[in-house]
Amino acid sequence: MNKVPLTEKGAQQLREELRELKTVVRPKVVAAIAEARAHGDLKENAEYHAAREEQGFVEGRIRDLEHQLAHAQIIDVSKLQKDGRVVFGVTVDLINIETDEKASYQIVGDLEANIKENKISINSPIARALIGKREGDEIQVQAPSGVILYEIAAIGYQ
(Lines give C-alpha, C1' and ligand atoms only; values in the text may rest on other atoms or scores of the structure.)
Protein backbone atom coordinates (compact mmCIF):
# COMPACT_ATOMS: atom_id res chain seq x y z
CA MET A 1 0.00 0.00 0.00
CA ASN A 2 1.22 3.50 -0.83
CA LYS A 3 2.19 5.82 1.96
CA VAL A 4 0.13 9.00 2.28
CA PRO A 5 2.15 12.20 2.89
CA LEU A 6 1.41 13.99 6.14
CA THR A 7 3.16 16.92 7.80
CA GLU A 8 4.54 16.44 11.31
CA LYS A 9 1.96 18.94 12.59
CA GLY A 10 -0.87 17.06 10.88
CA ALA A 11 0.33 13.75 12.33
CA GLN A 12 0.45 15.31 15.79
CA GLN A 13 -3.15 16.53 15.42
CA LEU A 14 -4.28 13.03 14.42
CA ARG A 15 -2.39 11.50 17.36
CA GLU A 16 -4.01 13.99 19.74
CA GLU A 17 -7.49 13.18 18.42
CA LEU A 18 -6.74 9.47 18.80
CA ARG A 19 -5.53 9.97 22.37
CA GLU A 20 -8.66 12.00 23.21
CA LEU A 21 -10.94 9.31 21.78
CA LYS A 22 -9.20 6.50 23.64
CA THR A 23 -8.72 8.19 27.01
CA VAL A 24 -11.74 10.50 27.33
CA VAL A 25 -14.52 9.74 24.86
CA ARG A 26 -14.39 5.93 24.90
CA PRO A 27 -14.62 5.69 28.75
CA LYS A 28 -17.58 8.13 28.75
CA VAL A 29 -19.43 6.02 26.20
CA VAL A 30 -18.74 2.81 28.14
CA ALA A 31 -20.08 4.49 31.28
CA ALA A 32 -23.18 5.69 29.41
CA ILE A 33 -23.83 2.13 28.18
CA ALA A 34 -23.45 0.75 31.71
CA GLU A 35 -25.82 3.38 33.10
CA ALA A 36 -28.42 2.76 30.39
CA ARG A 37 -28.12 -1.00 30.93
CA ALA A 38 -28.97 -0.48 34.61
CA HIS A 39 -32.32 1.02 33.61
CA GLY A 40 -33.67 -2.39 32.66
CA ASP A 41 -35.24 -3.71 29.47
CA LEU A 42 -32.74 -3.14 26.65
CA LYS A 43 -35.25 -3.62 23.81
CA GLU A 44 -37.16 -0.45 24.69
CA ASN A 45 -34.20 1.53 26.07
CA ALA A 46 -33.45 4.48 23.75
CA GLU A 47 -30.52 5.64 25.91
CA TYR A 48 -28.86 2.25 25.57
CA HIS A 49 -29.30 2.16 21.78
CA ALA A 50 -28.01 5.74 21.41
CA ALA A 51 -24.95 4.96 23.55
CA ARG A 52 -24.25 1.79 21.53
CA GLU A 53 -24.53 3.75 18.29
CA GLU A 54 -22.13 6.38 19.62
CA GLN A 55 -19.75 3.59 20.65
CA GLY A 56 -19.80 2.32 17.07
CA PHE A 57 -18.90 5.76 15.73
CA VAL A 58 -16.09 6.22 18.27
CA GLU A 59 -14.59 2.77 17.63
CA GLY A 60 -14.82 3.34 13.87
CA ARG A 61 -13.01 6.68 14.14
CA ILE A 62 -10.32 5.12 16.35
CA ARG A 63 -9.71 2.39 13.75
CA ASP A 64 -9.68 4.98 10.96
CA LEU A 65 -7.12 7.17 12.75
CA GLU A 66 -4.89 4.20 13.59
CA HIS A 67 -5.00 3.10 9.94
CA GLN A 68 -4.21 6.61 8.67
CA LEU A 69 -1.24 6.99 11.02
CA ALA A 70 0.06 3.50 10.19
CA HIS A 71 0.03 4.31 6.46
CA ALA A 72 1.32 7.89 6.68
CA GLN A 73 4.66 9.10 5.43
CA ILE A 74 5.33 11.80 8.00
CA ILE A 75 7.38 14.62 6.54
CA ASP A 76 9.16 17.15 8.75
CA VAL A 77 8.72 20.30 6.67
CA SER A 78 11.47 22.13 8.57
CA LYS A 79 14.04 19.65 7.21
CA LEU A 80 13.12 20.04 3.55
CA GLN A 81 15.66 21.55 1.20
CA LYS A 82 14.98 25.26 0.78
CA ASP A 83 16.02 25.78 -2.83
CA GLY A 84 13.34 28.25 -3.86
CA ARG A 85 11.00 25.70 -5.42
CA VAL A 86 7.47 24.87 -4.34
CA VAL A 87 7.46 21.52 -2.52
CA PHE A 88 5.20 19.64 -0.11
CA GLY A 89 4.61 21.57 3.10
CA VAL A 90 5.44 25.08 1.91
CA THR A 91 3.08 28.02 2.04
CA VAL A 92 2.61 29.76 -1.30
CA ASP A 93 1.34 33.30 -1.77
CA LEU A 94 -0.44 33.71 -5.09
CA ILE A 95 -1.79 36.64 -7.06
CA ASN A 96 -4.61 36.12 -9.54
CA ILE A 97 -3.22 37.82 -12.66
CA GLU A 98 -6.65 38.90 -13.96
CA THR A 99 -8.25 40.15 -10.72
CA ASP A 100 -5.20 40.97 -8.55
CA GLU A 101 -6.77 38.91 -5.74
CA LYS A 102 -4.25 37.46 -3.32
CA ALA A 103 -4.41 34.01 -1.79
CA SER A 104 -2.13 31.97 0.42
CA TYR A 105 -2.13 28.17 0.65
CA GLN A 106 -0.08 25.53 2.42
CA ILE A 107 0.39 22.33 0.44
CA VAL A 108 -0.36 19.35 2.69
CA GLY A 109 -1.47 15.72 2.43
CA ASP A 110 -5.03 14.61 1.74
CA LEU A 111 -5.65 13.79 5.41
CA GLU A 112 -5.04 17.33 6.62
CA ALA A 113 -6.35 19.38 3.69
CA ASN A 114 -8.84 22.00 4.88
CA ILE A 115 -9.70 24.94 2.66
CA LYS A 116 -11.00 26.93 5.66
CA GLU A 117 -7.45 26.83 7.05
CA ASN A 118 -5.95 27.51 3.59
CA LYS A 119 -4.46 24.00 3.47
CA ILE A 120 -4.76 22.35 0.08
CA SER A 121 -4.09 18.75 -0.85
CA ILE A 122 -0.93 17.85 -2.72
CA ASN A 123 -3.30 16.11 -5.16
CA SER A 124 -5.42 19.19 -5.88
CA PRO A 125 -5.14 20.80 -9.33
CA ILE A 126 -3.66 24.01 -7.93
CA ALA A 127 -1.01 22.17 -5.88
CA ARG A 128 -0.07 20.01 -8.86
CA ALA A 129 0.40 23.14 -10.95
CA LEU A 130 2.56 24.72 -8.21
CA ILE A 131 4.95 21.85 -7.44
CA GLY A 132 8.45 22.57 -8.75
CA LYS A 133 7.74 26.18 -9.65
CA ARG A 134 9.63 29.19 -8.28
CA GLU A 135 8.76 32.67 -7.02
CA GLY A 136 7.73 34.88 -9.96
CA ASP A 137 6.58 31.94 -12.10
CA GLU A 138 3.10 31.95 -13.58
CA ILE A 139 0.83 28.93 -13.45
CA GLN A 140 -2.45 27.96 -15.07
CA VAL A 141 -5.10 26.17 -13.05
CA GLN A 142 -8.13 24.55 -14.62
CA ALA A 143 -11.12 25.55 -12.47
CA PRO A 144 -14.84 24.87 -13.04
CA SER A 145 -15.18 28.49 -14.21
CA GLY A 146 -12.29 28.12 -16.67
CA VAL A 147 -8.54 28.59 -16.64
CA ILE A 148 -7.18 30.84 -13.90
CA LEU A 149 -3.72 32.40 -14.16
CA TYR A 150 -1.70 32.95 -10.99
CA GLU A 151 1.70 34.42 -10.27
CA ILE A 152 3.70 32.99 -7.37
CA ALA A 153 4.38 36.02 -5.16
CA ALA A 154 6.24 34.25 -2.34
CA ILE A 155 7.16 30.81 -1.06
CA GLY A 156 7.32 30.29 2.71
CA TYR A 157 9.20 27.41 4.25
CA GLN A 158 8.22 26.42 7.79
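This passage describes the annotated N-terminal region of a predicted model, then helix H2, and then a leucine of helix H1.

According to an unreviewed UniProt entry, residues 4-74 carry the annotation "domain: Transcription elongation factor GreA/GreB N-terminal". Across residues 4-74 the chain is 77% helix and 10% strand, and the C-alpha atoms at the two ends of this stretch lie 8 Å apart.

Helix H2 comprises the 25 residues 46-70, and its end C-alpha atoms are separated by 36 Å. This separation agrees with expectation, because a helix of 25 residues should span 36 Å at 1.5 Å a residue. At the start of H2, the backbone nitrogen of glutamate 47 has a side-chain oxygen of asparagine 45 within 3.1 Å. Further along the sequence, the buried residues of H2 include Val58, Ile62, Leu65, Gln68 and Leu69, while Tyr48 and Ala51 are buried as well. The buried residues of this helix pack against strand S1 (4-7), helix H1 (8-37) and strand S2 (72-75).

Leucine 14 belongs to helix H1, and it counts as buried because its relative accessibility is 8%, which falls under the 20% cut-off. When residues up to four places away in sequence are not counted, leucine 14 touches Leu6, Leu65, Gln68, Leu69 and Leu111; of these partners, Leu65, Gln68 and Leu69 are buried residues of H2. Although leucine 14 and glutamine 73 are 59 residues apart along the chain, their C-alpha atoms are separated by 13 Å.

Note on methods: Residues are numbered from 1 along each chain as its sequence is written. This is a predicted model: local features need pLDDT of at least 70, side-chain atom pairs count only at pLDDT 80 or more; totals for chains, interfaces and linings use all residues. Side-chain values use heavy atoms; hydrogens and water are left out. Helices (H or I, at least four residues) and strands (E, at least two) are DSSP runs, numbered from the N terminus. The expected span of a helix is 1.5 Å times one less than its number of residues. Buried means under 20% relative accessible area, exposed over 50%, partly exposed in between (1.4 Å probe, protein chains only). Contact means heavy atoms within 4.5 Å. A polar contact is a pair of N or O atoms within 3.5 Å; within protein, one must be able to donate a hydrogen and the other to accept it, and residues adjacent in sequence count only if both atoms are side-chain atoms. UniProt positions are given in the numbering used here, feature names are shortened, and annotations may be inferred rather than shown by experiment.
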